[in-house]
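Here are my notes on the model you sent over. Have it open beside you while you read.

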Amino acid sequence: MSEQTREQGPAAEAERHAVVVGAGMAGVQTAVALREQGFTGPVTLIGAEPHQPYDRPPLSKAVLLGTAEGSAFDVDFEGLGITLRLGCEALGVRPGEHLLDTSAGPVPYDVLVLATGAEPVRLPGAEGVPGVHLLRTLDDAERLRPVLARQHDIVVVGAGWIGAEFATAAREAGCAVTVVEAADRPLADALPAEVAAPMTAWYADAGAELRTRARVERVEAGGPGDLGRVVLDDGTRLPADAVVVGIGARPATGWLAGSGIALGAHGEVLADDRLRASVPDVHAVGDCASFPSARYGERLLVHHWDNALQGPRTVAADIVGAPGGEVYDPVPYFWSEQFGRFVQYAGHHAAADTTLWRGDPAGPAWTVCWLREGRLVAVLAVGRPRDLAQGRRLIESGATMDPELLADPAKPLKAATAATA
């Protein structure tokens, strides 16, 4: 938002039109936060899907298993004066004219918030092959639900967070599950080898087969009475009634080409520390944007639910011109439920950080801590939610830790600060 806009006063604000593109967590929370922080102008929330805005985490759990019909947000959009335009796809932005181009025609805006999230990476050569699925939308989950109900043989491509969560649900449903991963371990993009190594055994414990260093060459559809198959690069042929692809996601920003809005190496909107994009009156929040973190000394691109929940408050504060609004520099947080374990992570670690273990990784509950110059910068907790909660606060405070106390799982994390040593 420009200073000129801010100086126009309350009367002008009542006429300002805020348009939010993307009806997921980040978009919905931005629209709600604008109202909570006193924005009085019209607010329009645009979503490409026809469904009422919904939360995504239950898709790989309750919705997929049929224990919940949906996950619509409990928000009274009409009562808040938020106009929903669903089934409306964003096609482009003309910042100089303050126009958003959509499948329903151009939409003028005074302030625009980009919250289009991320889109799944597709498996090359598998597009259009019957029985190949993604798990990103409500429609995806609805298509997969009967596959699980029929207890089919399933091949999951990718042993990341979403792959592990889907494999967990499929095993709970009684399906035979094989997970193929190109790297040498699960979660190779998220965790170092020594930390991910204990998680390899979780697959076998749950009755799922994990094949690492396994690249998919192609997927072949089956004929009548014949299973399809996944062919690996070593010639192995895995029978599969269904193939679920979970090999990552990238910011859904292709539609911004030619807009002049600066994008990063991963295609994300390059936002500043108040989540403003590179052109006036445009903000970006959630999975589609990166932001500079003074805490970690680098730009962060965070594809997790908590980021989509927290960022909108910063966006709304900047739009309404709230005095003393804080910069956006959170401690990233996420969780995952897989193979009977509750896994939580807070912070951000780098390869050069010191790794400390709390507890036996072969056991049901353990924690990994990362230190940088004596300060806690990240925590991974498996079945130890208290460690995560205390660790998150210690990261936020920048406390210096005592490594010996920190490595003792019998002592609370909060008692391991150097000041108490």
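The points below go through a strand, a helix, a loop serine and the nonpolar cores.

1. Bear in mind that this is a predicted model. Residues are numbered from 1 along each chain.

2. I'd begin at strand β16, residues 242-245. Ala 242 and Val 244 point to one side of the strand, Val 243 and Val 245 point to the other, and all of them are buried.

3. Which strands pair with β16? Strand β9 (residues 132-133) does, running parallel to β16 and joined to it by two bridges. Strand β10 (residues 153-157) is parallel to β16 too, with four bridges. Have a look at Val 243 in particular: Val 132 is its bridge partner, and Val 155 stands opposite it as well.

4. Next, helix α5, residues 138-149. The length checks out: at 1.5 Å a residue its twelve residues should span 16 Å, and the end C-alpha atoms sit 17 Å apart, which agrees. Just after the helix comes Gln 151, which has a positive phi, near 55°.

5. What is buried in α5, and what does it pack against? The buried set is Leu 138, Asp 140, Ala 141, Leu 144, Arg 145, Val 147 and Leu 148. Note that Asp 140 and Arg 145 are on that list. An α-helix has 3.6 residues a turn, so residues three or four places apart point the same way. The buried residues of α5 pack against α4 (62-65), α6 (161-172) and the strands β9, β10 and β16, so this point ties back to the strands above.

6. Ser 259 deserves a closer look; it lies in the loop between β17 (249-251) and β18 (269-270). Is this serine buried or exposed? Its relative accessible area is 9%, under the 20% cut-off, so Ser 259 counts as buried. Its side chain reaches the backbone oxygen of Leu 256 at 2.7 Å, and a polar atom of that side chain lies 3.1 Å from the backbone nitrogen of Ile 261. Setting aside neighbours within four places in sequence, Ser 259 is in contact with Val 93 and Pro 95.

7. Last, the cores. The largest nonpolar core has 117 residues, and the members that touch the most others are Leu 100, Leu 114, Ile 154, Phe 166 and Leu 380. Beyond four places in sequence, the contacts of Leu 380 include Leu 191, Val 195, Met 199, Trp 366 and Trp 370. A second, separate core of 15 residues includes Val 155, Val 157, Val 243 and Val 245.

Technical notes: Predicted model: local features only at pLDDT ≥ 70, side-chain atom pairs only at ≥ 80, totals over all residues. Heavy atoms only, no water. Buried < 20%, exposed > 50% of the residue type's maximum accessible area, 1.4 Å probe, protein only. Pairing = 2+ DSSP bridges. Expected span 1.5 Å × (residues − 1). Contact = heavy atoms within 4.5 Å. Polar contact = N/O pair within 3.5 Å; in protein donor to acceptor, adjacent residues only side chain to side chain. Core = buried A, V, L, I, M, F, W, Y, C linked by side-chain atoms within 4.5 Å.
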